[in-house]
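Dear colleague,

I am passing on the structure we spoke of, and I would be glad if you could look through it with the notes below at hand.

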Amino acid sequence: MDFSISPRAAEYVRQIDAFLDEHVIPLESDRSSFDDGENIREDLLQKLHAKALAAGLWNFQLPEKLGGKGLKFTELVPIYEAAARSIFGPVCFNIAAPDDGNIHLLSRVATPEQQERWLMPIVHGEVRSAIVMTEPAPGSGSDPAGMMLTTAEKKGDKWIIRGQKWFITGAEAAEHFILVARTSDDPRRGLTAFLFDRSQPGWHIKRRIPIMGPEEHGGHCELEFDGLEIPDENRLMGVGEGLKAVQIRLGIARLTHCMRWLGLSKRALDIACRHVQERKAFGITLMEHEGVQWMLGEAAMQVQMGRLLTYNAAYQLDLGHRARKEVSMAKVAVADCLHKAVDTAIQLLGAKGYSKDTILEWMYRYARQARLVDGASEVHKMVLAQHLTAEGPDFWKWG
């Protein structure tokens, strides 16, 4: 087994580290750098976008045929992890959710004409995007195939969309949207994916849903569709292949979430380590207390286990496998390790960690969503149990 990263990935990590230290991390300590959603202020972000583009630190996920770097998934692991050392890092390099997952999907399944119209403006940072899938009860959540209520009805060469969606990440700032709606009652091929843009009539944003925060740019919104017309040419993949499109996107998006969360986890423990080596209590530094060592050691071990699971899942994707159970294992483990790392850091910093004098409280609130987004942890454990019962001892086979 060789866990070393490629020279080109190592060089990108070095450049990202330098970029963050010089341009991004200093912004975290200035509260005026944050917008109302507690993300980086838009004017600052546009300046960083220009610098990242000029430095060639942009769209690491894009295939070479579309002007990208053609990196393997195993090369993306250390790059995304490095970018997320700053809470503002991924969005500076255009590898933040939800655009990142949408770029992955459109670059793989959209037609060349669709890529030119819908993908490349996202790639160039000219527009933001959103995926429109989740619905209010009794509509689709963890079971989109069985519960989706939003419908797409074919009339001539157009599809008419009616229904409601909510918790649509980035919707308030997005220009391009990927919509999943029901086109039949087929249990596996009843959903279809479509592309539409903000300017089209027949839909509106009902509200930006208040959340624990912090938020991605554009928040998390509730949408209503009351007759949106989408030309058939803007259908993504075949009729009835919406669930397949979702699986392609989410399998990758879950893993890139893990990559970014690992970067945040390491940053939290770095903050904690610096503190406990300087802060004294009862005549010695906190680091000299055995209980503190146990706390840091356990958190560090969980982060490393998450890294290995993430790397293994990326390796399986590079081999062309779906890696469904590998991605699920990584998603559950890394969501837990992120919470563990940040919670440990806050505990060790005490009141300072709970305050806004550090970014730990921001990270703590952000970490809570990790066990919910892109499939709740319980759903992924259910997937693992299904694999276990179907595969038996082969569940653990090597290779």
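The notes that follow go from the chain as a whole to its cavity and one of its pockets, and then to some unusual backbone features.

Please keep in mind throughout that this is a predicted model. The chain holds 13 helices and 10 strands. Its radius of gyration is 21 Å, close to the 21 Å that the globule rule gives for 399 residues, so the chain is as compact as a globular protein of that length. Measured out along the principal axes, the C-alpha trace spans about 80 × 55 × 40 Å. Of the 399 residues, 55% count as buried, and the accessible surface of the chain comes to about 18,200 Å², with 54% of that area belonging to carbon and sulfur atoms. Among contacts in the chain with a separation of 6 or more, 72% are made by residues 24 or more positions apart.

As for enclosed space, a search of the whole structure finds 1 cavity of 30 Å³ or more, and the volume of the largest cavity is about 30 Å³. Its lining consists of Leu-105, Ile-131, Ile-178, Val-180, Ala-193, Gly-242, Ala-245, Val-246 and Arg-249. Strand S4 (176-182) and helix H8 (242-278) each supply at least two of these residues, and H8 gives the most, with 4 residues. By residue class, the lining of this cavity divides into 7 nonpolar, 1 polar and 1 charged.

Turning to open space, the second largest pocket has a volume of about 820 Å³. It is lined by 22 residues, of which Asn-312, Gln-316, Lys-397, Trp-398 and Gly-399 are the closest to its centre. Helix H9 (290-318) and helix H10 (324-349) each supply at least two residues of the lining of this pocket, and the largest share, 6 residues, comes from H9. The lining of the second largest pocket divides into 11 nonpolar, 4 polar and 7 charged residues.

The backbone also deserves a look. Most peptide bonds are trans, and most residues other than glycine have a negative phi. Where, against that background, do the cis bonds lie? A cis peptide bond joins Ala-97 and Pro-98, with omega at about 0 degrees, and Pro-98 sits in the loop between helix H4 (89-92) and helix H5 (99-109). The peptide bond from Gly-213 to Pro-214 is cis as well, with omega near -5 degrees, and the place of Pro-214 is in the loop between strand S6 (203-208) and strand S7 (220-231).

Two residues that are not glycine have a positive phi: Glu-38, at about 70 degrees, and Phe-282, at about 60 degrees. Glu-38 belongs to the loop between helix H1 (7-28) and helix H2 (42-54), whereas Phe-282 is found in the loop between strand S9 (280-281) and strand S10 (284-285). Is each of these side by side with solvent or covered, that is, exposed or buried? Glu-38 is buried, with a relative accessible area of 19%, a value that lies under the 20% cut-off for that class. Phe-282, by contrast, is exposed, with a relative accessible area of 81%.

With best regards

Key: Residues numbered from 1 in each chain as written. Predicted model: local features only at pLDDT ≥ 70, side-chain atom pairs only at ≥ 80, totals over all residues. Heavy atoms only, no water. Buried < 20%, exposed > 50% of the residue type's maximum accessible area, 1.4 Å probe, protein only. 1 Å grid on protein atoms, 1.4 Å probe; cavity = no way out; pocket = protein on both sides within 12 Å on 5 of 7 lines; lining within 4 Å. Points joined across faces, edges and corners; volume = space filled by probe spheres on them. Nonpolar A, V, L, I, M, F, W, Y, C, P; charged D, E, K, R; others polar. Rg over C-alpha atoms; globule rule 2.2 N^0.38 Å. Contact = heavy atoms within 4.5 Å. Areas by Shrake-Rupley, 256 points an atom, 1.4 Å probe, with all protein chains shown as cover.
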